[in-house]
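These are my notebook entries on a structure that I had not examined before. I set down what I looked up, chain by chain and then residue by residue.

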Amino acid sequence: MLKIYAVCGHGLGSSMMLKINIRKVLKEKSIEGEVDTVSLGESSGLDADIFVTFPDIVDELANRHDREKIVVIDDFSDLEEVREKILGAVDKLNLN
Amino acid sequence: MTSYQSLKPRVAQILKTLLQSKQAVPIKKLAEKFDVSSRTIRYDLDDLEDSLANYDVTLVRKPHVGIFLDSTEEKLKEVATELVDLHSYQRVLSPQERKYLILLKLLRSDEPIIIKQLEAMLEVSNSTVIKDLNKVEAWLEEYDLELIRKTNYGIELAGDEMNIRHAMTAVLEETADEEELISFLSQIQKKTLEDKRLETGFLTELDKLVGDLNLAKIEDIVAWAEKELGFQLADGAYAGLLVHLGLAISRLLAGKDIELSEERRALLQESPEYDVAQEVGEMIEEVFEVEVPISEIAFITLHLMGAKLRQHWDQAEYDDLADTDLPPELIMMTKEMVEVAEDYLDIRLSDDEQLMLGLALHLKPTINRLKYDLPLKNPLVVDVKEKYGEVFAAAKRAAKILQSELQKPVGQDEIGFLAMHLGAAIERRNSNQDFPRLRVALVCSSGIGTTNLLATKLKKEFSDIEIVEILSAFELRQGEVDLDEIDLLITTVGLEVDFCSVLEVNPLLSDSDKKRIQEFIEQKKSDYSFDSGKKQTTVAKHSINLETLLKIIERKADVKDKIALKKDLYDFLTEREIDIIDKGGNQQEAEEVGPELLELLTADTIKINSEVSNWQQAVEETGGILLNQDSITDNYIKESLESINNQGPYVVIAPGVSLLHAKPEAGVLKQDMALLVVPSGVEFGHKNDPVKLIFMLAPIDKSSHYNAMVDLLKLIDNRQLVDKITSFDNPESIIAKLKDMI
């Protein structure tokens, strides 16, 4: 099953809201997947198909995970942006 | 022949079973049938063997095959008439059975009966007969019939012919259940009545009751009427009509006809069924050479109207029926009744189209039955009450609408039918839609409610079967149905079918029925190597909406900490494998039952302050609110500041909005949220400056604030949020506005 982590500094606030919108998008398209929140620090030991995060910490995240797997969202409240980027990443996964 | 008197009742029954079976019967089967051990059956067989010796009949016990009787056809017939019939009454009759036998004798006798005759028939003492007669008298009173007892004359019945007919039907219905009637009728169907070895007991009484009439001819008439009416009768209704006509004809032949008031007759003449009844009457006149008076025709009309409509369950037929048949008043009444049941059961049912239509179709003849005092027995009413007590109670309330509409009492039997419709809908609601695999045809004798209840129960219990056909026993026998594609016939009536696997079940599906069906499925699965790797989906049997549960608790208790209670309830219930669902019926994760934004954010945790000059001050000011509430410690504020210092101003989550927080372990004492409104704005060093709404979250763990965040997301989605909230000058108005926006 598709596994996605929403990553932010604490893995609590922004990542939670990001997770909510990612779930919304997956549900819309009936894509089965698990979305969880995680802090930057905790993300080190974890693996997933996609890591979603924000511009401020993307560089730090890229030190820990494959850049190919990282999706950067500027505004998590912008459902349109989340939809476009998440579905793009899912499509890319399906192609591989 | 005195030696035969010693044949025990069960031994006689075993003999009968062997006589009727065309193949060898395994001992195990006999043991099951009579509910005794195999060893007991072996002893019984020893007894039987002795008795049979006198007839040149050999009892053969073939290992691994079973028991059968070996002799000539002629000898077997002899055994049947002498041994079985002889023993039909050779057991002690129960008081109940004695009552019915006396009633039957009274109902069909033209002359007074002497008590001595009854003593001989029942093999009891004079004083017992007198006691029985008291019971008979009480029973007859219910039908407005009088029992006349005169010394030196005997006893006889007095009363209206209509009531006598009602009583006759009632005795038959109370003694022979629907299934017995069906199997009796199917013997007629098979034209085997000439050498009939009827079930001894009450059905022979029916036979005597209708005298020497040719039932097959009556059946032709009923079949014709069925065609004329344009719908198929349920087997029960079919049997009922057949019995009614049989009784009517024999009574007419005896010169006894009924009286119906002019008023009632006129009412009946208006109905479309009257035309059919008239033609039925003409056919009877022709076939049986007896005059059928107008009142009798009206009475037949009543029966036709009361007949239950048999129903298949596919959508197309529903649509047809919905289009044509149902008057709007009937739909209205159905709706009202379902709503009453919904309220009582707290389950949504009115969106179940199958229920609405099925119930409406059921109510149509029900109304007729009630209007014209034509009661219909419900053989399952006791079972329904016991297994679906709550549903029965709901049906009882719903029936009050019917009652007040018609100004007629609605009896337990009719309430039972309503309950069956409601029960079926509830079963449907609870059932999961999986992909069925085994093709099953359902054979039923009873009407809509039973069939439907059984079908949905089967679907719910077994995800591996698909019900492809619902048939009546008659349809099946007439061979009109193509059963090539069918894996299994599940029936509520006894069937003799050898071209297909058959399981006979109780209409309410007992536990042993379920076991047998499960075994059959398992067998089939291994036979055809169904992809056994696939796991069977299990349905959670119970689900609860926490809000509803909390409302009940709060009605009787003062809850100190609702949020904590909700969390504890969630854990408690899920541990016991009870699903927690939201109002839409979707299963909820632990995080999804957390508090909503406005359960955390209150007028006490909102502050408006324009005297804030930088973001550090804003963080301290907002943290101060939560500090005052004893929700966080000083350290939490400190760490919130540090986190911005270290990671940058990503706390600004939307234009003019920021969400501050640190980790729970930094010093959260209680889950909470605060809002600082700064109408003049604060610079955070972010492109979305100036920030005017500063939220602070005190999270207790990683996920309990899920719902609150869902709400917050909804709020910031509204681009006017900042302007609107900053226009208020008190926390209460802000709360009201937020409530409005979520």
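Before placing any loop, I note that helices and strands are DSSP runs, numbered from the N terminus, with at least four residues for a helix and at least two for a strand. I also record that this is a predicted model.

**Entry 1: a cis peptide bond in chain B**

I looked up the bond between B:Asp689 and B:Pro690 and found a cis peptide bond, with omega at about -5°. I then located B:Pro690 in the loop that runs between strand 14 (672-682) and strand 15 (691-698) of chain B.

**Entry 2: chain A as a whole**

I counted three helices and four strands in chain A. In which order do they follow one another along the sequence of chain A? I read the pattern as β-α-β-β-α-β-α. Chain A has 96 residues, and I found 53% of them counted as buried. For contacts in chain A between residues at least 6 apart in sequence, I noted that 58% join residues at least 24 apart. The exposed area of chain A came to about 4400 Å², and carbon and sulfur atoms supply 45% of it.

**Entry 3: two residues of chain A**

I turned to A:Thr37, which belongs to strand 2 (residues 33-39) of chain A. Is A:Thr37 buried or exposed? A:Thr37 has a relative accessible area of 9%, so I entered this residue as buried, the cut-off being under 20%. Leaving aside residues up to four places away in sequence, I listed what A:Thr37 touches: A:Ala6, A:Gly11, A:Ser15, A:Met16, A:Lys19 and, from chain B, B:Lys702.

I next examined A:Ser30, which sits in the loop between helix 1 (14-28) and strand 2 of chain A. Its phi is near 55°, a positive value in a residue other than glycine. I entered A:Ser30 as exposed because its relative accessible area is 65%, where exposed requires over 50%.

**Entry 4: chain B as a whole**

In chain B I counted 32 helices and 15 strands. Of its 742 residues, I found 50% counted as buried. Among contacts in chain B between residues at least 6 apart in sequence, I noted that 70% join residues at least 24 apart. I recorded an exposed area of about 36600 Å² for chain B, of which carbon and sulfur atoms supply 47%.

**Entry 5: a positive phi in chain B**

I looked up B:Asp144 and found phi near 55°, a positive value in a residue other than glycine. Where in chain B does B:Asp144 lie? I placed B:Asp144 in the loop between helix 7 (126-141) and strand 3 (146-150). With a relative accessible area of 59%, B:Asp144 is exposed.

**Entry 6: a positive surface patch**

Which residues form the positive surface patch? I listed B:Lys385, B:Lys396, B:Arg397 and B:Lys400. Helix 20 (residues 389-406) of chain B gives the most to this patch, and I credited that helix with three residues. I looked more closely at B:Lys400, which is placed in helix 20 of chain B. B:Lys400 has 54% relative accessibility, so I counted this residue as exposed.

Key:
Residues are numbered from 1 along each chain as its sequence is written. Chains are lettered from A and ligands numbered from 1 in the order in which they are written. This is a predicted model: local features need pLDDT of at least 70, side-chain atom pairs count only at pLDDT 80 or more; totals for chains, interfaces and linings use all residues. Side-chain values use heavy atoms; hydrogens and water are left out. Patches are made of residues with over 30% relative accessible area and no salt bridge: like charges are joined within 9 Å, nonpolar side chains (Val, Leu, Ile, Met, Phe, Trp, Tyr) within 5 Å. Accessible areas come from the Shrake-Rupley method with a 1.4 Å probe; for residues, only the protein chains shown count as cover. A salt bridge is a side-chain nitrogen of Lys or Arg within 4 Å of a carboxyl oxygen of Asp or Glu. Lys and Arg count as positive and Asp and Glu as negative; His and the chain ends are not counted. The place of a charge is taken as NZ of Lys, CZ of Arg, CG of Asp or CD of Glu. Buried means under 20% relative accessible area, exposed over 50%, partly exposed in between (1.4 Å probe, protein chains only). Contact means heavy atoms within 4.5 Å.
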